[in-house]
Amino acid sequence: MTEPRNLMQGATGDWEVVIGLEVHAQVSSKAKLFSGASATYGAGPNENVSLVDAAFPGMLPVINRYCVEQAVRTGLGLNARINLWSRFDRKNYFYPDLPQGYQISQYKDPIVGEGEIEVELDDGEIIPIGIERLHLEQDAGKSIHDLGPKESHVDLNRSGVALMEIVSKPDMRSSDEAAAYFSKLRTIVRYLGTCDGNMEEGSMRADVNVSVCRAGNYAKFRESGDFSFLGTRTETKNVNSIRYVKQVVEYEARRQIEVLEADGEIDQETRLFNVATGETRTMRSKEDAHDYRYFPDPDLLPLELDPAWVENIRSGLPELPDAKRKRFVADFGLSQYDASVLAADRGKADYFEAVANGRDGKLAANWVTTELFGALNKQGLEIDASPIGAPALGKLIDLIADGTISGRIAKDVFAIMLEEGGDPEKIVADKGLKQVSDTGAIEKAIDEIMAANPKQVAQVKEKPKTLGWFVGQVMKATGGKANPAVVNKILKEKLGIA
Amino acid sequence: MTAIENFTLAALLDALKTKKISALEATDAYLERVDRSGALNAFVTPTAEHAREMAKASDARIATGNAGPLEGAPLGIKDLFCTEKVSSTAGSRILQGFQPPYESTVTANLWRDGAVMLGKLNMDEFAMGSSNETSFFGAVVNPWRRNGDDAPLTPGGSSGGSAAAMAARLCAATTGTDTGGSIRQPASVTGTVGLKPTYGRCSRWGIVAFASSLDQAGPITQDVRDAAIMLRSMAGHDPKDSTSIDTPVPDYEAVLGQSVKGLRIGIPKEYRLDGMPEEIEKLWSKGADWLRDAGCEIVDISLPMTKYALPVYYIVAPAEASSNLARYDGVKYGHRADEFSDIVSMYQNSRAEGFGEEVKRRVLIGTYVLSAGYYDAYYLRAQKVRKKIFDEFNDAFNSVDLILTPSTPSAAFGLGEKTADPVQMYLNDVFTVTGNLAGLPGGSVPAGLDGQGLPLGLQLLARPFDEETLLKGMFALEQSAGFTTRPTDWWAV
């Protein structure tokens, strides 16, 4: 994995891009990390604020056990080491949306250590991406500067909400890999139920670290662990969609190469992404970087976990996407691609399994990924809002399998189910869509068509491909209900083609 | 009827229980003394109306036989405790006008047990000081004076208002807090009893934080029995304070008078300072003799890390304070500057105006020792030494049950005498900071007078959560010392 990958061409030679992500994932918890105030989204300004969140004198933090459990679950889901002893630190800085004047975070001793996840790329390749650590911390409030010309407003609803910061190793080497990793993280936390992954509401956002180096230098970094082989990195803050992560990497890599090739230097700085232009710009330089004066928070005891408690969480983990993907390939004979698409979302995977169980897995995957997902996409619906339930779709597939209807008719039935709902069997019966396999009726239709079209009959012997035209005519004559296999067989006999 | 100033808390509780005096009578009698005590400046916020309402409620409960353990006892509360809808300033301009919408756990415990709040007591700003001279609301004056000398003396600090109010009998008992000696040192120089419990024994919730890993609430009282009574109500586990310990609160009063025979008392040689007044040395020996006479075994011990305690304290405490005080920005409560041009200058001006010199000094020191490049040399090293101090005490307590030391290196000093030299001021806590750094319970008992007629105290330190042995020892010292001298009411107008 250390061979030069995804080289970018510059004017003076090839470059490699190196990416690391710090992803903030909001813990799915009703209450905040230390205050017990509600953590739900969408309340009016400053409605979800306790005296602790607003940093009143003498107020003290108390750790939310549920949030700790979610961090451990997530760590286990990332195949990472759970640190049975961890500690909270104060990160000190002044900002209007940080009422305490410090953020409670974990600096030296995070709750979760190193791990690794598998990430699927679009071409089906699977690459490992290292996890450096996961730690728990408080979110800050929100400053709003556009409500008045001379005023700033502060909403503390988010102040104190529990975040998991998941830090990757600098293992990603292209915008596609960064996007795939971010997407995979989202899949994992959603599987685990530890974060809802809702990027529009800010539940998940990434700080994107990008640097470029000359082709071959990354390999040297990997061999030696010496970061000086890598270029100076920039950190672009708060990127809140998978697409934007991709844009940031592409823009930053290109920008840095241009700067370096013009004999410039990259500043180690914090940057902001402009959604409208797709560009990044300087937010603060290294010289302006805060000295956060981290030190252990004396209001909180070290967090000591009972190994049995951790094991209990481990044994309660759901099947994770990688395991599920592998099982779908092995048990249902799916392609890697279909298996990945289905395993990427727990709801979709569950739906598929309900349809596929006891049926032809590939046929089920086809119907689910092509017809159903296509229809849901068009209507902008999530899988759990699907108008067609898994049992009904299963039944439809059964009707195809036992020859009651053709695949063609099944699509019509599917369209009716989508529009009006209902049981596929009843729809087929009510609308008289049952497939005709009665050879007499089919033969009669074929005879009529052959009699009416002597020219085509003559032609088909030289151009066997025109058989399709006859099939179409027969289907038309029978209202699409004729069994296509039977039609083909009789047509070939009557037209005398092998 | 006995004059109110001649009741101990214990005696007053008895009189209230037997209806020899009503809570309202007691409260009014104290309020009258408070009213006349302006010269001491011990109270920053008397709450007379509030006190009388609480006293009436106490009398109603006494009448119906529902009296709590502190029913009707009028108390003074250090202004570091947040008290609901009552000004709580921590002695600072930056909290001027702040009326918390909540009650600290410790004071809530006192009210639960029936106590009455007479008002809030003056203190060094944010509990940073040893003379009560850093208060935004002015210095407190010690009711004690040198023989034949009217020069005003400090009552020590930071719980100077509590100690002065106790010495002048302005209330039945008071609360204080102790981060480096702020209960024991003022108690020592005012002839009162000060008890700092084990770290974690009393909840810190609702107490304005100075240095979170050191702060601990405790009582300043007339005698050891009163301290035992107060502690029982103040102490207890609080789920809102993660550092409070879930261990039962014993009946501390029950151990008083129990024999101290066989207790091993350590005398640490490192507490014998160069230049310490001879009479303090003598008193210390006398204290050891008293305990020996009571059946204790006196053991010479060595605590060589002692000399690092003060430097360690003046790194750890300011570091925590610099962070704890970041929340005072003039935005949410308290003082906000009138003049500013943007958010940053609003912070700067509010903090510049709101904090006094000593607080600023400690915020600067704390910020410095936590800064990149200095953290390892100062904060981290201080933490390591702190651990060694803790271990050293732990070892010592393998061979002794209590440690006896002087409470302070000098008697009360004059107002303004030490304000020019912060280090001279810091030295006042040289015997007490060790207890905070190691989280140990400690208490100061008045043991005698110096040549100028000023009180001197002796300190006992005990194992964590062994307040019972501590109080037993303090009671034994008190019995032997027979300290009964009281300052005159020269201040009363």
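Visitor: What makes strand E11 (residues 455–462) of chain B mostly covered?

Guide: In this predicted model, 8 of the 8 residues of strand E11 of chain B are buried. A residue is called buried if 20 or more other C-beta atoms lie within 10 Å of its own, so the description "mostly covered" rests on that count being met by 8 of 8 residues in E11(B).

Visitor: Which residues of E11(B) point one way and which the other way?

Guide: B:Pro455, B:Gly457, B:Gln459 and B:Leu461 point one way, while B:Leu456, B:Leu458, B:Leu460 and B:Ala462 point the other way, and all are buried. In a regular strand the side chains alternate between the two faces of the sheet.

Visitor: How do you know that E11(B) is paired with strand E9 (residues 402–406) of chain B?

Guide: Two strands pair if DSSP finds at least two bridges between them, and E9(B) and E11(B) are joined by 5 bridges in the antiparallel sense, so the pairing criterion is met. B:Leu404, for instance, has B:Leu460 as its bridge partner in E11(B).

Visitor: What makes strand E10 (residues 442–449) of chain B a partner of E11(B)?

Guide: The requirement is at least two bridges, and E10(B) and E11(B) pair over 7 bridges, again in the antiparallel sense; therefore they count as paired. In E11(B), B:Pro455 is the bridge partner of B:Leu449. E10(B) and E11(B) form a hairpin with 5 residues between them, and B:Gly453 in the turn has a positive phi of about 85 degrees.

Visitor: In chain A, why are strand E5 (102–105) and strand E15 (295–296) called edge strands?

Guide: The open sheet has 3 strands in the order E5-E4-E15 (chain A), with antiparallel pairing. E5(A) and E15(A) each pair on one side only, and they are the edge strands.

Visitor: How do you know that strand E4 (residues 89–92) of chain A pairs with E15(A)?

Guide: E4(A) and E15(A) run antiparallel and are joined by 2 bridges, which satisfies the requirement of at least two. One of the partnerships links A:Asp89 to A:Pro296 in E15(A).

Visitor: Which residues are buried in helix H4 (residues 105–112) of chain B, and what do they pack against?

Guide: B:Thr105, B:Val106, B:Thr107, B:Asn109 and B:Leu110 are buried in H4(B). The buried residues of H4(B) pack against strand E2 (74–78), strand E4 (173–177), strand E6 (217–221) and helix H7 (224–234) of chain B. H4(B) is followed by B:Gly114, whose phi is positive, near 100 degrees.

Notes
Residues numbered from 1 in each chain as written. Chains lettered and ligands numbered in written order. Predicted model: local features only at pLDDT ≥ 70, side-chain atom pairs only at ≥ 80, totals over all residues. Helix = DSSP H or I, 4+ residues; strand = E, 2+ residues; numbered from the N terminus. Buried ≥ 20, exposed ≤ 12 C-beta atoms within 10 Å, placed from the backbone. Contact = placed C-beta atoms within 7 Å.
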